[in-house]
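Here are my comments on the model you sent round, set out as numbered points. Please read them with the coordinates open.

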Amino acid sequence: MARGLQGVILRTFGARDHTATVIETVRIASHFVRVRLVAPTLFEDVKSEPAAWLRFWFPDPNGSNTEFQRAYTISEADVPAGRFAVDIVLHDPAGPASLWARTVEPGTTIAVMSLMGSSRFDVPDEQPAGYLLIGDSASIPGINGIVAVAPDDVPIEMYLEQHDDNDTLIPLAKHPRLRVHWVARSDEKSLAEAIESRDWSHWYVWATPEAATLKHVRRRLRDEFGFPKSAVHAQAYWSAGRAMGIRRGDEPDATVAAAAVPDDRQAESVAAHRRGSTLRRILAAAARGRGVEQPR
């Protein structure tokens, strides 16, 4: 695949493609597939920690030279063996990632990278009063990782927005003090409104639902419950109706886009602006990190 200008800039920031080979696919639920892969060099760059995620470059379903970036949380990891798994929601209409997961065969290879730090969950030195975990089907792999490392005596309240009747079939990690609340989506406010009105003092929040939903969740956490910024991790994992990943392969050649014309300040300014614009676009995509048109 052609890399284009984005590929050059990503490599400048230390990104490295790792070749991952599909071992098998397993239907965890009717619309939820676990893809197991092996990449011998991956864990030289990546730490397998709760909620850590990877960037995949999926092929264009239409057969062009373009690759589409999507991000997925590591749901299993065997670091010494270089093996790992990610979970992908199969939705309709299917985007590049969902279509790939629906049809991929063992032996297929795909480029994987970890760049600019995935939003892993760091176990705090001092445990909070409890964990308030907010998300949807796309969030479950990361949330399961958090539940798995939470001490047994710390309460967990989990609020999951339901977009599909089959969402409730996706397995959730077990915990003795976990309470799960499935909230059927009626509009972008329904998940925020479903959070129990109570004293959330000294709790920690991990909120990773759809972007429009997250906006209302954050507002309620801040304005009604008084959560300080330090006690909230909030990141949209996807955006309804819009792809949040970036693509590569159809950009102008990097040497052309970056070339300066000697003694021509205007041309140099234009080239610099183009380089800066592309960099800002990549950084913005990296900050958003993940997401597709529908829950995955």
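1. In this predicted model, helix H3 gives the most to the lining of the largest pocket, with six residues. Besides H3 (140-149), the elements that give two or more residues to that lining are S2 and strand S4 (67-78). The lining comes to 21 residues, and those nearest the centre of the pocket are Ile-74, Ser-75, Pro-141, Asn-144 and Gly-145.

2. The volume of the largest pocket is about 330 Å³. Anyone assigning chemistry to its wall may want the composition by class, which is eleven nonpolar, six polar and four charged residues.

3. H3 deserves a point of its own, since how much of the helix is covered bears on how one reads the wall of the pocket. Eight of the ten residues of H3 are buried, and the helix is thus mostly covered. The buried residues are Ile-140, Pro-141, Gly-142, Ile-143, Asn-144, Gly-145, Ile-146 and Val-147; Pro-141, Asn-144 and Gly-145 were named above among the residues nearest the centre of the largest pocket.

4. Which residues touch the most other members of the largest nonpolar core? That core has 25 residues, and the ones in question are Tyr-131, Leu-133, Ile-143, Val-147, Ile-156, Met-158 and Trp-206. Strand S7 (130-136), H3 and strand S8 (156-162) are the elements that give two or more residues to this core, and H3 gives the most, with four residues. H3 therefore leads in both settings, giving the most residues to the core and the most to the lining of the largest pocket.

5. Ile-143 of H3 shows the packing at the level of a single residue. Once its neighbours within four places in sequence are left aside, Ile-143 is in contact with Leu-133, Ile-134, Gly-135, Met-158, Leu-160 and Trp-206. There is also a second, separate core of 24 residues, which includes Phe-43, Phe-58, Val-86 and Val-112.

6. Helix H2 (residues 96-103) should be looked at next. Its buried residues are Pro-96, Ala-97, Ser-98, Trp-100 and Ala-101, and they pack against strand S1 (18-29), S2, S3, S4, strand S5 (83-89) and strand S6 (109-113).

7. Three loop residues are worth checking for their partners across the sequence. Ile-170, in the loop between S8 and strand S9 (178-184), counts as buried because its relative accessibility is 3%. Leaving aside neighbours within four places in sequence, Ile-170 is in contact with Ala-29, His-31, Phe-32, Ser-137 and Ile-140, and its C-alpha atom is separated by 9.8 Å from that of Val-89, 81 residues apart along the chain. Trp-238, in the loop between strand S11 (232-234) and strand S12 (247-248), is likewise counted as buried, at 2% relative accessibility; Trp-238 and Thr-208 are 30 residues apart in sequence and 8.6 Å apart in space, C-alpha to C-alpha. Asp-153, in the loop between H3 and S8, counts as exposed because its relative accessibility is 57%, and its C-alpha atom lies 9.2 Å from that of Gly-130, 23 residues apart in sequence.

8. Two backbone angles call for a look. Most residues other than glycine have a negative phi. Ala-51, in the loop between strand S2 (32-38) and strand S3 (53-59), nevertheless has a phi near 70 degrees, and so does His-202, which lies in the loop between helix H4 (190-194) and strand S10 (203-207). Are these two residues buried or exposed? Ala-51 counts as buried, since its relative accessibility is 2%, whereas His-202, at 68%, counts as exposed.

9. A few totals may help to place these details. The secondary structure of the protein comes to seven helices and twelve strands, and 49% of its 296 residues are buried. Among contacts between residues at least 6 apart in sequence, 71% join residues at least 24 apart. The accessible surface comes to about 13800 Å², of which carbon and sulfur atoms account for 48%.

Definitions and conventions
Residues are numbered from 1 along each chain as its sequence is written. This is a predicted model: local features need pLDDT of at least 70, side-chain atom pairs count only at pLDDT 80 or more; totals for chains, interfaces and linings use all residues. Side-chain values use heavy atoms; hydrogens and water are left out. Buried means under 20% relative accessible area, exposed over 50%, partly exposed in between (1.4 Å probe, protein chains only). On a 1 Å grid over the protein atoms alone, a cavity is a set of points where a 1.4 Å probe fits but cannot get out, and a pocket is an open set with protein on both sides within 12 Å along at least five of seven lines; lining residues have an atom within 4 Å of a point. Grid points are joined across faces, edges and corners, and a volume is the space filled by probe spheres set on the points. Ala, Val, Leu, Ile, Met, Phe, Trp, Tyr, Cys and Pro count as nonpolar, Asp, Glu, Lys and Arg as charged, and the others, Gly among them, as polar. Contact means heavy atoms within 4.5 Å. Accessible areas come from the Shrake-Rupley method with a 1.4 Å probe; for residues, only the protein chains shown count as cover. A nonpolar core is a set of buried Ala, Val, Leu, Ile, Met, Phe, Trp, Tyr and Cys residues joined through side-chain atoms within 4.5 Å.
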